[in-house]
Amino acid sequence: MKAVARLACTERAYVRICHLYDRPEPTISFEFFPPKTLEGEETLFRETIPELLRLRPAFFSVTYGAGGGTRDNTLRIVSRIRREFGVEAMSHLTCVGSTAAMVSKYLDDAHAAGIENILALRGDPPQGQSEFQPVAGGFAHAIDLVRYIKQRGQFGIAAACYPEGHLECPHKHWDWDRAAAKVEAGAEVLITQLFYDWSDFLDMYDYLRNRRGLTVPIIPGVLPFLGTAQIKRFTTLCGAKLARPLLRKLEAHADDDEAVRQLGVEVCTDICRRLLDHGVAGIHFYCLNRTTSCAEIMRNLGLSAP
Ligand SMILES: Cc1cc2nc3c(=O)[nH]c(=O)nc-3n(C[C@H](O)[C@H](O)[C@H](O)COP(=O)(O)OP(=O)(O)OC[C@H]3O[C@@H](n4cnc5c(N)ncnc54)[C@H](O)[C@@H]3O)c2cc1C
């Protein structure tokens, strides 16, 4: 493994996320959100993370709540994962409600806690606002945050991209060009929004690789289903489509979450298999702090530990 960074504060070797994709086998990562209560956090550390560790992920990532409401929880959880399990973990960070000085303070705290990787995001407009409005002295786009983090030189940086184009962008190629610009500004890995048509991912992947010449890892973000209402809500919020035959199946099982979960395992296994066959370097699971579906998908793919 290349470029292992040694942190004096912990006497332990950590790595930039981008180097975790240098390995021959697929690089698996799991994304959590910070639980709302301390009991929830203990369950995450006592049960969820140990179960997911059996699937041998290369790293975890922890979301940053809208408006920075979970800021301290994100920092604490990322730092605890690294300290207690010795596994790499990345903090998400958004521009919502933050001035450059507030972002700087977050980065200082993250650095002091030994955190080395940041997923740099703009964030969604806060509830009740239809358009994203940066605060005075803040950042308007994720690329501004990428540049700001890059000039500090302390962090590995990842950014988001959108196989179907971002919801607010009138043309998906413009949005893909903006993803390429984030890489040119310093992002070393791109992770996608959820999607359920693998050909959308491949269109974007081939565009970024062949037309824009990107060589950084471009990693599919995969969300297994929890229930029909949940997946319809998530896809509506981020503008991802559900093809009519899939929607029909979801609606047929609207009262049976277990059947929908199993359908999700089937759909996500197929997406992952096709994309791994195409040569993607890894899979980022939006596991929503659950383990069963991810474990089943990994088993179907032959990626579980023996
Ligand atoms: C892997 C992943 C993890 C996420 N984690 C979180 C999280 O932890 N917390 C959270 O709140 N949200 C999270 N999100 C959601 C994300 O914040 C939203 O999708 C948000 O709407 C866009 O963020 P972005 O970083 O892609 O923004 P940007 O890259 O800034 O793009 C936002 C919009 O602006 C457009 N744009 C970009 N640059 C320009 C420019 N120079 N001029 C004009 N238009 C431009 C883009 O085309 C796009 O339409 C995550 C998304 C992904 C894919």
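## Exercises on a predicted model

Around the ligand, β5, β6 (117-121), α4 (142-152), α5 (172-185) and β8 (189-192) each supply at least two residues of the shell. Keep in mind that this is a predicted model. Let's work through it together.

### Exercise 1: the ligand shell

Find how many residues surround the ligand, which are the closest, and how they divide by class.

Step 1. The shell holds 23 residues.
Step 2. The closest are T63, H92, R122, A142 and A160.
Step 3. Sorted by class, the shell has 9 nonpolar, 9 polar and 5 charged residues.

### Exercise 2: the sheet

Work out the strand order of the sheet and explain which strands stand at its edges.

Step 1. The open sheet is formed by 9 strands, in the order β9-β8-β7-β6-β5-β4-β3-β11-β10, and their pairing is parallel.
Step 2. At the edges stand β9 (218-219) and β10 (221-222); each has a single partner strand, so one side of each is left without a neighbour in the sheet.
Step 3. For a look at one pair, take β4 (residues 59-62) and β5 (residues 88-94), which pair in the parallel sense over 4 bridges. Here V62 has S91 in β5 as its bridge partner.

### Exercise 3: the faces of α5

Check the span of α5, then decide which of its residues are buried and which are exposed on the face turned away.

Step 1. At 1.5 Å a residue, the 14 residues of α5 should span 20 Å, and its end C-alpha atoms are 20 Å apart, which agrees.
Step 2. D175, W176, A179, A180, K182 and V183 of α5 are buried. Seen down the helix axis, the buried residues of α5 fall within an arc of 150°, so they line one face of the helix.
Step 3. A helix rule helps here: an α-helix has 3.6 residues a turn, so residues three or four places apart point the same way.
Step 4. The buried residues of α5 pack against α4, β7 (156-161), β8 and α6 (198-211).
Step 5. On the face turned away from that buried side are the exposed residues W174 and E184.
Step 6. Just after α5 comes G186, with a positive phi of about 140°.

### Exercise 4: positive phi outside glycine

Locate R56 and L288 and say how exposed each one is.

Step 1. R56 has a phi near 55°, a positive value in a residue other than glycine. R56 sits in the loop between α1 (38-53) and β4.
Step 2. With 13 other C-beta atoms within 10 Å, R56 is partly exposed.
Step 3. L288 is not a glycine either, yet its phi is positive, about 50°. The loop between β11 (282-286) and α10 (292-300) holds L288.
Step 4. L288 is partly exposed, with 16 other C-beta atoms within 10 Å.

Terms used. Residues numbered from 1 in each chain as written. Predicted model: local features only at pLDDT ≥ 70, side-chain atom pairs only at ≥ 80, totals over all residues. Pairing = 2+ DSSP bridges. Near = placed C-beta within 6 Å. Nonpolar A, V, L, I, M, F, W, Y, C, P; charged D, E, K, R; others polar. Expected span 1.5 Å × (residues − 1). Buried ≥ 20, exposed ≤ 12 C-beta atoms within 10 Å, placed from the backbone. Arc of directions from axis to C-beta. Contact = placed C-beta atoms within 7 Å.
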